[in-house]
Structures are given as C-alpha cells and as structure tokens.
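Me: Could you take me on a close look at one helix in this model and the parts that pack around it? I would enjoy a connected account, with the numbers kept in.

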Amino acid sequence: MDERPIVVVPVLTDEITDRLLESSLSGLTPLEQDIFLTRLRLYWPDVVRPLSLLYGERDDFADWATRLLEMVAQGYADRPSELRLLDLQRQSQPDWFQQPGMLGYVCYADRFAGTLNGAAEKIPYLKELGVTYLHLMPLLNPRPNPMTAVTQSLIIGKLTRCWVP
C-alpha cells in the first residue's frame, strides 16, 4: 500500500494578512487592499494545494509559503493600476482570450527570443502583427518524474505577458 505522509496545508491567517497590509500592501488604497485580499482568499487553496504536495514535507514549508505570499503581494502592489483593473475585468470575463478581437501567440521563450527579456523586446513586433496576448513556454526545466512534471505544470499554469492594447 502506498503510504504518503500527511501534508499540512498552510492556512491564510489574519496574522499573515495583517502583515501583508502593513508591509507590501501598505501603499495601496483600502479598496485595492480589499481586492487583493479577496482574490487571495479565493485562490489560495488552489495555489497552496499542489505546492503542499510537492514541498509540504519540508520543515520550512509554512515559512516559504509566507514568503511566497509576500512576493505576490509586492508584485501586485508594484503592478500598474491600469493592469490591476485589466486583471479584474478579465476575472469577470474568464473567456476574454476567446473573444473575436483577441489574437494569441504561443512560443518557447528560448527559441523565440533567447531569453525572457528578449521576448519582452519582441512585444512591439508582435503588436504590429495584431497579437494581443502572449503565452510563453516552458519557464522551468521539466523534472524527470512525469507525475512531478504534471504537478509542476499545474503550479506554473499559463504565464501570460499581457499589455493594455
């Protein structure tokens, strides 16, 4: 019988959210803070579950997950307000990328432009072609275990470099 260790999924506590409000999110308006925390509470289980399966046995997993939250919160706070608004619009219309005016481009970052920075430099060219969103693959080297690679792809999801048309 396959005995797997019990993995404890870190809970999003008031202490953690208060720390985010006092640090990474302190420069945002109360409404922007509430939007971030609402989305965090909604999606945290989907983020932490696969991470727990991969790394939950580590003694420092809860601390690592907290640091991840701090980086995500800082990234949100640093994101331009027009892109935060675009995030909300797209969240309310999950099929935004299937609309008639959207044209996506999928590529391997290394083959298309050598590096992620190189891919960013190609955005003006893609805009000339009418491309409205870009899906880059893969961003991490696959692991040798196929099951781990599947789990890894669930964690990474789609990295979409979007810009305001």
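Reply: Happy to: what follows is a walk around helix α3, with a few stops elsewhere in the chain afterwards. Please keep in mind that this is a predicted model.

Let's set the scene. The protein chain has 165 residues, and 31% of them are buried. Its secondary structure amounts to eight helices and three strands, arranged along the sequence as α-α-α-α-β-α-α-α-β-α-β. If we take the contacts between residues at least 6 apart in sequence, 69% of them join residues at least 24 apart.

Now to α3 itself. This helix is made of 18 residues, and the distance from its first C-alpha to its last is 26 Å, close to the 26 Å expected at 1.5 Å a residue. Its buried residues are Phe 61, Ala 65, Thr 66, Leu 68, Leu 69, Ala 73, Tyr 76 and Ala 77. What covers them? The cover includes α1 (14-22), α2 and α4 (81-92). Two of these partners, α1 and α2, can be described through their packing geometry.

A pair of packed helices is described by the angle between the axes and the distance between them. For α2 (residues 30-55) against α3 (residues 61-78), the angle is about 140° and the axes are 11 Å apart. The crossing of α2 past α3 is right-handed. On the α2 side, the contact is made by Glu 32, Ile 35, Phe 36, Arg 39, Leu 40, Trp 44, Val 47, Val 48, Leu 51, Ser 52 and Tyr 55. Facing them from α3 are Phe 61, Trp 64, Ala 65, Leu 68, Leu 69, Val 72, Ala 73 and Tyr 76. By class, the residues of this contact are 16 nonpolar, one polar and two charged.

The partner α1 meets α3 with other numbers: their axes come within 10 Å and cross at roughly 35°. Here too the crossing is right-handed, with α1 passing α3. From α1 come Ile 16, Arg 19 and Leu 20, which meet Thr 66, Leu 69, Glu 70 and Ala 73 of α3. The residues of this contact divide into four nonpolar, one polar and two charged. Putting the two lists side by side, Leu 69 and Ala 73 of α3 appear in the contact with α2 and again in the contact with α1. Leu 69 and Ala 73 are also among the buried residues of α3.

The aromatic side chains add detail to this picture. The structure holds seven aromatic pairs. One of them joins Phe 36 and Tyr 76, a tilted pair with 5.0 Å from centre to centre and 45° between the planes. This pair links distant parts of the chain, with Phe 36 in helix α2 and Tyr 76 in helix α3, 40 residues apart. Are the two partners buried or exposed? Phe 36 counts as buried because its relative accessibility is 6%, and Tyr 76 is buried too, with a relative accessible area of 9%. Both also belong to the contact of α2 with α3. A further aromatic group involves Tyr 55, Phe 61 and Trp 64, which form one cluster. In the contact between the helices, Tyr 55 comes from α2, while Phe 61 and Trp 64 come from α3.

Away from this helix, another aromatic pair is made by Trp 96 and Phe 97, whose arrangement is edge-to-face, 5.6 Å centre to centre and 85° between the planes. Trp 96 counts as buried at 16% relative accessibility, whereas Phe 97 counts as partly exposed at 30%.

Two more stops round off the walk. Met 137 sits in strand β2 (residues 133-137) and is partly exposed, since its relative accessibility is 25%. Leaving aside neighbours within four places in sequence, Met 137 is in contact with Val 106, Cys 107, Tyr 108 and Ala 109. The C-alpha atoms of Met 137 and Val 106 are separated by 7.5 Å, although these residues are 31 apart along the chain.

Lys 122 lies in the loop between α6 (116-121) and α7 (123-128). With a relative accessible area of 33%, Lys 122 is partly exposed. Not counting residues up to four places away in sequence, Lys 122 touches Phe 112 and Ala 113. Between Lys 122 and Phe 112, 10 residues apart along the chain, the C-alpha separation is 8.9 Å.

Methods. Residues numbered from 1 in each chain as written. Predicted model: local features only at pLDDT ≥ 70, side-chain atom pairs only at ≥ 80, totals over all residues. Heavy atoms only, no water. Helix = DSSP H or I, 4+ residues; strand = E, 2+ residues; numbered from the N terminus. Buried < 20%, exposed > 50% of the residue type's maximum accessible area, 1.4 Å probe, protein only. Contact = heavy atoms within 4.5 Å. Axes fitted to C-alpha atoms, helices over the stretch in contact; angles between N-to-C directions. Left-handed = near helix turned anticlockwise from the far one by under 90°. Nonpolar A, V, L, I, M, F, W, Y, C, P; charged D, E, K, R; others polar. Expected span 1.5 Å × (residues − 1). Phe/Tyr/Trp six-rings, centres within 6.5 Å; stacked < 30°, edge-to-face > 60°.
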